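Visitor: Please take a close look at the start of the first chain. Keep it brisk, and give the cut-offs as you go.

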Amino acid sequence: MRLFRALFGTPGTAVLTVAIAALLAWTVPSLLRWAVAAATWTAENRRGCAPGGACWAFIRARLGLFLYGGYPPAEQWRVNLAAALAGAALLGCLFARRRRGAWFALLLIGVPVAGGTLLAGGLFGLRPVPTADWGGLMLNAVLSFVAVGAAVPLGTLLALGRRSPLPFVRGLCVALIEFWRGVPLLGVLFMGLVLLPMVLPQGVTVDNLVRALVVLILFASAYMAEVVRGGLQGVPHGQREAAAALGLHPLQANLTVVLPQAWRIALPGVVNVVVDLFKDTTLVSVVGLFDLMGVVNQSLKDQSWLGLAQEGYAFAALLFFGCCLLLSLAGTVLERRLRQRPEGG
Amino acid sequence: MSTPASLPAGNGRGLARPPPPARRPSFKAVAWQVLAMLAVAGLIAWAARNAGDALARRNIDVDFAFLLTRAGFDIPFTLTTWASSDSYGYALWVAGLNTVLAAALAILLATLLGLVLALMRLSANPLAAWTARATVELLRNTPQLLQVVFWYFAVLQVLPGPRASLALGGAVFLNVRGLFFPAPLSPWFGYALGAGVLLALGLSRLLPRLPLTLTAGAPLLGATALAGALTGWDLPAMRGFNFAGGWRLPPELLALVLGIGIYTAAFVSENIRASIGAVGWGQREAARSLGLSPGRSMRLVVLPQALRTLLPPLTNHYLNIIKSTTLGAAIAYPEILQIFARTVLNQSGRAIETMTLVLGVFLAVNLLVSAAMNRWDRRLAFQGR
């Protein structure tokens with residue numbers, strides 16, 4: 001009864017309800033018919049797909065490409081292993097009751113070292129896989145992971161520098177932060193592509209992945225710096241004074257007293273930066289890398305699967321949506337757990 | 001993401017400032033600064049020398065005089081006149097106008113749709129609130145580039161050709177070539193519309209007690225009718241294989257505006273919701289007990305107060321929209337990045353100059369707007385509290 005009154009209580013509400021219900025009744029069934037009822041799940045090529053529905057056979061045929069890009073199929077277990085490792089470390093950070101510091105160290109140091117070795121190969125008898133073959137969702141994940149991992153310390157340094165009493169250091173940090181926040185990411189990706197090889201000595205070549213990565217790291221650091229600065233501002237000044245009164249060196253005071261509190265305050269903002277960065281890694285497809293967006297764009301030009309843009313992009317959107325939701329969820333869990341134990345871990 | 005303006009700066013004093021420096025800089029502080037200065041100078045000098053070597057090897061130098069030379073390429077969509085004999089410098093202006101057009105339309109769309117989504121989300125109607133929430137979550141958790149490309153390749157590029165256009169009332173047509181709509185023939189149309197907008201703004205300001213539909217709606221409607229009657233109309237019509245006459249918005253522009261605008265609307269709606277929520281319930285109750293209708297208490301009491309906390313994040317979103325217009329390069333919309341970092345760079349090989357221009361334009365706009373915003377924010381905060 002209360003629900004009925006909420007939906008039809010006043011004439012205005014009733015009109016709104018009817019209008020939205022009509023809109024949903026018009027779109028949802030036809031969407032479901034396209035995506036499920038009339039869809040084709042197995043087919044050899046485009047001609048095998050029923051015309052009125054989605055052609056998910058295309059996604060099934062190209063799934064390996066979407067997830068791993070050009071990574072050799074025989075070696076894809078290495079990607080899976082690296083992903084499992086990162087996932088386990090992340091879960092450890094989120095749910096471990098004790099020794100959380102060790103889990104964080106594993107995530108921030110162990111996973112990059114082990115994951116990098118696994119993915120690039122060349123050591124321990126692993127076949128080397130050139131970065132040009134890296135692609136698909138895996139590339140988005142690698143780019144985001146490395147960029148965030150580097151942006152947290154770099155951004156913290158920039159934030160501390162921005163609050164420094166030394167005018168030159170402060171000016172330098174302000175200039176760096178404001179530059180990177182004031183330019184479009186795609187613009188600086190182009191800049192990295194064109195100018196980075198130019199400012200390095202002759203004979204030093206950087207592959208495209210590293211160029212994009214350098215730009216992403218600096219870009220994310222600037223946004224991270226502003227979020228951490230907000231956290232630093234939230235730490236009461238008395239904390240720093242108390243640390244000084246205990247005889248801690250300013251560096252020690254920052255590391256053990258101020259920053260842990262600042263990071264905890266900044267955590268929601270940090271999660272936002274991570275989610276935004278993960279979505280923005282799709283921009284590397286415009287500068288010639290084959291991340292998920294890039295391989296979808298490329299697959300749509302495949303002669304035997306022409307004209308399937310809706311299916312391709314819908315699937316990519318679904319993957320990104322799921323990943324972003326997981327990231328936000330992890331952020332919420334971490335926030336709650338840090339609040340439970342305010343003495344930190 | 002937060003601007004300096006959106007930080008919890010309070011009255012702009014106190015917390016945000018670094019602690020005051022010691023009266024006399026210590027030797028250590030000076031030494032650190034000199035060290036940092038030397039490191040930065042060394043890095044810049046090293047990079048500049050390498051760049052100089054690279055330029056010398058290719059036998060070119062850094063010279064912006066190329067902007068005055070003949071461009072020699074075509075720009076598929078322009079707001080002003082463009083011929084391939086025009087200069088590179090003029091191409092920057094033409095591409096800049098395209099960027100401004102895309103940004104302005106996207107800002108309009110993001111604001112209006114964001115307001116609608118926020119009001120739906122806040123409404124007591126559970127169906128409206130739930131629909132808005134699902135839409136917002138879907139929009140803000142998928143990449144912006146994906147949405148732009150989806151609109152372009154999955155929606156606009158699969159529209160029927162000109163012969164089978166979707167027609168709206170026989171004057172507006174949508175097909176794979178873009179959106180066609182009638183163009184007014186005389187400039188009086190613009191003048192009359194402008195006068196109507198001014199009149200609407202003035203009347204709704206002067207007579208806040210009358211309903212908005214009367215004070216703002218009547219002048220706008222009247223001006224539109226008058227303007228429509230004053231001018232003749234150039235109607236788009238099929239001629240040969242395509243439409244001729246009227247105005248055309250190309251599918252690249254439509255996809256860019258829809259992609260960026262709708263994506264940003266999700267974020268804008270969250271900010272509007274938060275700002276409205278931050279206005280105390282007592283304000284609303286007080287407005288109601290004074291006898292104001294729900295709509296007018298929203299418009300006269302809640303929204304003006306919400307605007308103060310809304311403005312910094314809203315500006316931030318607008319700046320993001322301006323930066324995001326560069327995504328047009330993914331679907332070949334002729335905006336600044338596409339024209340300069342692609343066409344001009346490929347044609348002239350002047351990497352340093354083109355990238356400086358492109359990034360400089362965006363950086364200048366961003367810094368100027370942020371600075372203006374910070375000033376305005378400080379003024380609002382000062383008056384309000």
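Guide: I will begin at that end, then turn to the cysteines and the partner chain.

The model is predicted: local features need pLDDT of at least 70 and side-chain atom pairs pLDDT 80 or more, while totals for chains, interfaces and linings use all residues. Residues are numbered from 1 along each chain as its sequence is written, chains are lettered from A and ligands numbered from 1 in written order, and side-chain values use heavy atoms, without hydrogens or water.

Phe4(A) sits in helix α1, residues 2-8 of chain A. Helices are DSSP runs of H or I with at least four residues; strands are E runs of at least two; both are numbered from the N terminus. Phe4(A) joins Met1(A), Phe8(A) and Val18(A) in a nonpolar surface patch. Together they have about 450 Å² of accessible area, by the Shrake-Rupley method with a 1.4 Å probe, where only the protein chains shown cover residues. Patch members have over 30% relative accessible area and no salt bridge; nonpolar side chains (Val, Leu, Ile, Met, Phe, Trp, Tyr) are joined within 5 Å, like charges within 9 Å. A salt bridge puts a Lys or Arg side-chain nitrogen within 4 Å of an Asp or Glu carboxyl oxygen.

Thr17(A) belongs to helix α2, residues 11-37 of chain A. Its relative accessible area is 5%, so Thr17(A) is buried. Buried means under 20%, exposed over 50%, partly exposed in between (1.4 Å probe, protein chains only). Beyond neighbours within four places in sequence, Thr17(A) contacts Leu7(A), Phe8(A), Asn125(B) and Leu127(B). Contact means heavy atoms within 4.5 Å. Phe8(A) thus links two topics: a patch member, and a contact of Thr17(A).

Now the cysteines. The structure holds 1 disulfide over all chains, defined as two cysteine sulfur atoms within 2.5 Å. Cys49(A) and Cys55(A) form it, with sulfurs 1.9 Å apart. The torsion about their S-S bond is about 45°, so the disulfide is right-handed. Both Cys49(A) and Cys55(A) are buried. Cys173(A) is also buried, at 9% relative accessibility. Cys323(A) is partly exposed at 22%. For Cys323(A), the closest cysteine sulfur is in Cys324(A), 6.9 Å away and too far for a bond.

Asn125(B) and Leu127(B) lead across to chain B. Chain B has 11 helices and 8 strands. Its C-alpha atoms fill a box of roughly 70 × 70 × 40 Å along the principal axes. Of its 385 residues, 40% are buried. Among chain B contacts with a separation of 6 or more, 66% join residues 24 or more positions apart. Chain B exposes about 20300 Å², with 68% from carbon and sulfur atoms.
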